[in-house]
Each structure stands twice: as structure tokens, then as C-alpha cells.
Amino acid sequence: MDGTRTAPEGRSARRVLVAADKFKGSLTAVQVAERVAAGLRRAVPGLEVEALPVADGGDGTVDAALAAGFGRHQARVAGPLGEEVTAAFALRDGTAVVEMAQASGLQLLPDGVQAPLTASTYGTGELLRAALDAGARTIVFGVGGSATTDGGAGMLSALGARFLDAEGAPVPPGGGGLARLASADLTGLDPRLSSVDLVLASDVDNPLTGPKGAAAVYGPQKGASPDEVTALDTALAHCAKVLEGAIGPRAARYAVSPGAGAAGGVGFGALVLGARFRPGIEVMLDVLGFAPALERASLVITGEGSLDRQTLHGKAPAGVAAAARAAGKEVVAVCGRLALPPQELGRAGIRRAYPLTDAEPDLARCIADAGPILERVAERIARDFLT
């Protein structure tokens with residue numbers, strides 16, 4: 001999608017970098033880039049547009065890597081309820097991008113089914129193992145969109161750990177089963193994990209437990225009732241305590257570390273494996289080659305479905321805008337819905353935002369016809385900034 005035509009005679013050549021996330025429920029990040037590029041080129045024929053779809057570690061992270069030239073690999077793994085699913089990861093030059101939502105995501109649950117106590121990350125562990133089998137030496141582990149609250153116990157089990165009850169039998173899958181945990185044995189973990197660079201990429205920095213922990217903050221989104229949230233929080237705290245017996249006091253440190261509570265506590269499990277935590281968008285910009293693309297650009301267009309206060313806390317558009325501002329590049333944003341005032345956009349490094357609702361006030365139509373509307377919005381950006 002990288003244009004090569006020159007600007008018309010008499011107009012200085014400009015190059016636009018489109019580095020936007022998905023519009024959830026409407027357009028993938030790749031589709032956003034395609035629509036923006038089409039609208040820009042309709043307004044400015046011959047405009048050079050470079051597309052770099054981005055993600056912050058959640059669902060869509062593998063697609064962003066594939067769009068950047070990574071190779072696609074697939075594995076059959078256990079879904080959140082144990083059923084077999086096909087999950088993909090991306091690989092290039094020894095670096096794998098693994099997205100837990102591919103194996104343990106909410107979207108894999110049957111319609112109308114919620115399983116806050118029993119959904120497991122076992123398949124995520126199988127997906128990590130598949131990346132090791134494919135020769136990965138660095139694994140960017142994107143977490144988000146999970147159906148699970150098991151502290152990563154399922155993932156660790158798939159990689160060789162054992163979580164046992166008082167009778168020496170494996171505890172049931174899911175966060176609810178951790179209440180029966182009596183001992184943990186991590187001596188059987190895949191030895192390749194000790195030599196791989198595992199990067200926990202997340203846009204949240206919650207601890208494992210407590211009022212800002214995995215169960216309290218994200219459990220209700222996965223269908224947990226208030227009583228189930230309490231039970232899950234207690235079970236996660238118990239799991240961390242039992243793990244102290246297996247790996248020592250560092251288990252307690254991991255439990256309160258930023259990112260431990262990400263994706264139902266799978267961040268905690270990743271830290272137990274030796275992962276280092278980095279904000280997801282920072283990791284992905286590095287992996288996707290954002291810096292050289294930014295250097296080539298004169299204008300950057302970023303965005304996501306909703307620009308709101310969550311955007312300012314580690315989401316993709318904020319990361320793109322921060323990097324572009326540091327490089328002295330002008331940034332505008334596209335979005336489905338805008339819930340930030342101009343001054344907050346400015347502080348984030350975004351000169352101006354263009355919501356689809358300005359072009360089409362009917363929200364249902366905005367969602368259904370997001371692509372064509374986004375093209376019209378891009379034409380407006382071209383008129384405002386490129387002509």
C-alpha cells in the first residue's frame with residue numbers, strides 16, 4: 001500500500017504515514033489504512049501514502065505484524081473452554097508475535113456463553129510453545145481481549161508446570177479451580193523458555209489482585225458477578241501465595257508488578273516465566289518498524305474506533321502521537337467517536353481529530369458504513385492539510 005507516484009508539478013511532494021488501530025466492530029487496522037489512503041489519493045492524486053497498521057498488544061496485534069511483512073504460522077490449540085481452535089502467530093527473523101486472544105479470547109466463546117470461573121489460558125501456553133517450535137528467539141506476547149481470569153495457570157500448565165490439589169491431582173481449569181490449589185511445581189517448564197526473550201506487551205499496568213486487580217477491574221467484562229469477582233480475587237491471591245513455595249519471594253513481587261493483572265492475570269504468569277513488561281504500543285512500534293516509516297513521513301494519521309480517556313493511557317493512537325511529536329511530525333487522528341476536548345488532544349500530540357460522526361451523525365450508519373464514510377473524512381483531511 002506504499003505509493004510510489006510523485007506529486008503533481010507545482011506542488012511540493014508530501015508523504016503521509018497512516019498508523020492507525022482498528023475500529024472495533026467495523027474495520028480492521030488494515031482496512032482503516034486502505035480507506036484512509038483511498039480518500040487521500042482521491043483528493044490529492046499521486047500522493048505518496050505509506051500504511052503501517054498498528055496495535056497495542058490486544059486483538060489485532062498479529063494482523064498488524066502480518067501487514068508489516070511477518071510470516072503467518074498456525075497451530076491447533078485448546079480454546080478457553082477446552083475445545084480445539086486454530087490460532088495464528090506471526091514470525092520474522094526469529095521474532096514471534098503471539099496474541100493470547102487468538103487462543104483464549106472472549107470472541108472464541110459461543111454466543112451467549114460466559115465462563116469467568118472456568119475459562120483457561122491453556123491454549124495460550126500451547127501457542128507460545130508453537131512459537132518456540134518454529135524457532136522464535138524473541139517472543140512479543142500481546143495480551144488483551146481474554147475470556148480468562150486464571151492468573152496464567154493454564155498457560156503455565158501447557159508449558160510444563162503442575163498445579164495440584166491436596167490429593168495431588170491437577171486442579172480444575174480456570175480461576176475458580178485455583179481455590180483448590182495446594183502446591184505448584186514449575187521444574188518441568190519447557191527449558192527453551194530460559195533462553196528466549198519474552199516481552200509482555202500490554203496497554204494496562206494493573207497488579208494481579210486487589211481493587212485494581214485482574215478480577216475486580218476486568219472480571220465483570222467477562223461475566224463475573226460480584227460474588228464471583230470476590231472468589232476470583234481470593235483464588236488469584238492464593239495462587240500467588242502457593243507459587244511463593246515454588247519459586248520464592250519473587251512470586252509476591254510479580255503479583256504487585258505493573259502488568260501482572262493484564263488479561264485476567266496472564267501477565268502474572270508471563271512474569272513468572274521471566275518476561276519483561278513493556279507498554280504494548282511501544283513494543284509494537286519497534287517491531288513493526290515505525291521509526292524509519294516516521295522519518296519518511298511529513299504527516300501522520302493515527303486513530304481508533306473511540307478516542308476517549310482510555311486512549312490517553314497506553315492505547316495505540318497515544319503511542320503513535322507521542323513518537324511523532326518527539327520527531328517533530330504533525331499528527332491528526334481519525335475515529336468513529338470522539339470524546340476528548342481539543343486541549344487534551346493537543347497535550348497528547350494530536351493536532352486535530354476527525355470523527356466519523358461529524359460526517360454521519362447516525363451512529364448505526366457510522367458503524368455499518370464505516371469504510372465509505374472514512375474515505376470521505378480522509379478527503380477532508382487532505383483538503384485541510386495537504387492542499
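1. In this predicted model, strand β12 (residues 330-338) pairs with β13 in the parallel sense, and the pairing runs over 4 bridges. Within it, A333 stands opposite A353 of β13.

2. The two strands belong to an open sheet of 5 strands, whose order is β2-β1-β11-β12-β13 and whose pairing is parallel. At the edges of this sheet stand β2 and β13 (352-355), each of which has a single partner strand, so that one side of each is left without a neighbour in the sheet. From one strand to the next, the twist averages 25°.

3. Two helices may be described against this parallel sheet. Helix α12 (residues 316-326) lies across β11 (299-307) and β12, and its direction runs at about 160° to that of β11. Helix α16, for its part, lies across β11, β12 and β13, running at about 150° to β13.

4. Another open sheet, this one of 6 strands, has the order β3-β4-β5-β6-β9-β10, and its pairing is mixed. Here the edges are held by β3 (71-78) and β10 (276-279), each with a single partner strand, so one side of each has no neighbour in the sheet. The twist in this case averages 30° from one strand to the next.

5. An antiparallel part of the mixed sheet is the pair formed by strand β4 (residues 84-92) and strand β5 (residues 95-99), which are joined over 3 bridges. In this pair, A90 stands opposite V97 in β5. Helix α9 (residues 262-272) packs on the sheet, where it touches β6 (138-142) and β9 (197-202), and its direction makes about 160° with that of β9. Helix α10 (residues 280-288) lies across β4, β5, β6, β9 and β10, and runs at about 85° to β10.

6. Turning to charged side chains, the count comes to 21 salt bridges, with a nitrogen-to-oxygen cut-off of 4 Å. One of them joins R15 to E48, with the closest N and O atoms 2.6 Å apart. Because R15 lies in strand β1 (residues 15-18) and E48 in strand β2 (residues 48-51), the pair ties together parts that are 33 residues apart in sequence. R15 has a relative accessibility of 15% and therefore counts as buried, given that the limit for that class is under 20%.

7. A further salt bridge is formed by the side chains of R42 and E375, at 2.9 Å from N to O. Since R42 lies in helix α1 (residues 29-43) and E375 in helix α16 (residues 370-385), this pair ties together parts that are 333 residues apart in sequence. The two partners fall into separate accessibility classes: R42, at 47% relative accessibility, counts as partly exposed, whereas E375, with a relative accessible area of 12%, is buried. The helix that carries E375 is the α16 already described as lying across β11, β12 and β13.

8. D165 and R180 also form a salt bridge, in which the closest N and O atoms are 3.7 Å apart. Both residues are placed in the loop between β7 (162-164) and β8 (183-185), and they are 15 residues apart. D165 is at 7% relative accessibility and so counts as buried.

9. Finally, the pair in point 6 should be read in a wider setting, since salt bridges that share partners join R15, E48, E50 and R296 into one network. R15 and E48 in this network lie in strands β1 and β2 respectively, and these strands appear side by side in the order of the parallel sheet, β2-β1-β11-β12-β13.

Definitions and conventions: Residues numbered from 1 in each chain as written. Predicted model: local features only at pLDDT ≥ 70, side-chain atom pairs only at ≥ 80, totals over all residues. Heavy atoms only, no water. Buried < 20%, exposed > 50% of the residue type's maximum accessible area, 1.4 Å probe, protein only. Pairing = 2+ DSSP bridges. Axes fitted to C-alpha atoms, helices over the stretch in contact; angles between N-to-C directions. Contact = heavy atoms within 4.5 Å.
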